[in-house]
Amino acid sequence: MNQEELWQAVLAQIQLQISSANFATWFKNTQIVSQRDGLVFVSVPNSFAKEWLEQKYNKTIFKVLHNLDKQIKGVRYETGKTGLKTLKKITFFPKTEQLDFQEFEVERETNLNPRYTFDNFVVGPFNELAHAAGWAITQNPGKVYNPLFVYGGVGLGKTHLLQAIGNKIIKNFHQKKVKYIPTEKFVSEVISAIRNRQIEKLKLEYQKNDVLIIDDVQFLAGKEKTQEEFFYTFNSLYEKNKQIVLSSDHSPKAIPALTERLRSRFEGGMMADISLPDLETRIAILKSKCQERKTELPEDILNYIASIIKRNIRELEGALNILIAYQKLNSSQPDLKTTKSLLKNLISSQNKIVNAKRIIHTVANFYDLREKDLISVSRKREIVLPRQIAMYLLRKELKASFPFIGRKLGGKDHTTAIHACEKINKEIEKDESLNQEIGLIRQRILYG
């Protein structure tokens, strides 16, 4: 394994342990530039990144490096040693073997990554409705399921499905103009256009698309001006029978601070959720990924990975990347004992400590509220319902007593907690949307 391969293997593991925002901020444009006397020298783009990696992430980086190569005794960080300014792209592996950790080749005009296809999208009970709806769209875009709204937790394959839809439409209809864009980038474009007084030009550009695919629309929440421009663009395309595909980690009803007219548009087509894959599907996904990378792992190792990683597909891929890196470094397959050692950080990250504080924090965050809102005396519906859900989850997940629940939610009487739990129990039996919302919240509580 050369230096570039080694660093990519490190990044593959670190990405699983920190947020995507932190990963992009602190690890972009970093690479190993040399190794000597047991030390690994890592180049970073500036002194701020150097200081941050030394203080915040050095222990993690060293631990991963040492697990991959026991001869490594330390890490040093240097600024401006890579010549990255002259490089447009760094390729770490041949295309067929490339590890997946952050950036891929994308088509500049469409923003689509050609590696995301229906052929390598594993279908199971957890995503079959979303898959079927997506496939139907590719046969007749703009005519069925418009808009298609796909929602589900992080790392479950929403982006893969959306991009597969775009790639298949391009293959079936060469003349159609397809655009894929993450919502955060759309928001950035709107802000820039407003600042430069080019908002009309931006609207016209988006209206040229035959298929518009917007990923992570929950990031529209609270951005009123962007929602206004998006609403205009949505209507313009919809009226011309142009296909719109959207994804979110919430159902439209559960996206906080979303205007009612936009929520109504999102719910006006086909909504399909993607839930957690079952064990058999997780094993099938691992086998599919092994086939893509032209590698093989024993059945007992694949079963072990699938049994410990339950919450998302991205982490399954991350575990696979770690084992592939080990294979390359040692020119041999890891046995089960070695696999358990290599993946011990992943195992510990699966076991989140569930307590009252975590439940209250997660519920507040899900509904875009402050924790002090939940424990306040406010009777506003936008606060009362999340508070009741928090009480219900404290009872359900912790088997907490009603007096305890009342105390944790601002000193409420135990009868308030009883009423809240009974009410939510009844509501979820008849309100499938609320049931799904609570399912998403539970997923975040248990798996982060």
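**Exercises on a predicted model**

The side chain of Ser34 reaches the side chain of Arg36 in a polar contact of 3.3 Å. The model behind these exercises is predicted.

**Exercise 1.** Place Ser34 in the fold, then decide: is Ser34 buried or exposed?

*Solution.*
- Start with the element. Ser34 belongs to strand 1, residues 31-36.
- Take the relative accessible area. For Ser34 the value is 17%.
- Apply the cut-off: buried means under 20%. Ser34 is therefore buried.
- List the contacts, leaving aside neighbours within four places in sequence. Ser34 touches Gln3, Leu39, Val40 and Phe41.

**Exercise 2.** Follow Val40 into strand 3. Which residue is its bridge partner, and what unit do strand 2, helix 3 and strand 3 make?

*Solution.*
- Find the partner. Val40 is bridged to Val75 in strand 3.
- Widen the view. Strand 2 (residues 39-44) and strand 3 (residues 74-79) are joined by six bridges.
- Check the direction. The two strands run parallel.
- Add the helix. With helix 3 (residues 47-68), strands 2 and 3 form a β-α-β unit, and the unit is right-handed.

**Exercise 3.** Locate Val144 and classify its accessibility. What separates its C-alpha atom from that of Phe48?

*Solution.*
- Locate the residue. Val144 sits in the loop between helix 4 (128-139) and strand 4 (148-152).
- Classify it. Relative accessibility is 30%, so Val144 counts as partly exposed.
- List the contacts, again leaving aside neighbours within four places in sequence. Val144 meets Ala136, Ile137 and Gln243.
- Compare with Phe48. The two residues are 96 residues apart along the chain, and 51 Å lies between their C-alpha atoms.

How values were computed. Residues are numbered from 1 along each chain as its sequence is written. This is a predicted model: local features need pLDDT of at least 70, side-chain atom pairs count only at pLDDT 80 or more; totals for chains, interfaces and linings use all residues. Side-chain values use heavy atoms; hydrogens and water are left out. Two strands pair if DSSP finds at least two bridges between them. Helices (H or I, at least four residues) and strands (E, at least two) are DSSP runs, numbered from the N terminus. A crossover is right-handed if, with the strands pointing away from the viewer, the path from the first strand over the helix to the second runs clockwise. Buried means under 20% relative accessible area, exposed over 50%, partly exposed in between (1.4 Å probe, protein chains only). A polar contact is a pair of N or O atoms within 3.5 Å; within protein, one must be able to donate a hydrogen and the other to accept it, and residues adjacent in sequence count only if both atoms are side-chain atoms. Contact means heavy atoms within 4.5 Å.
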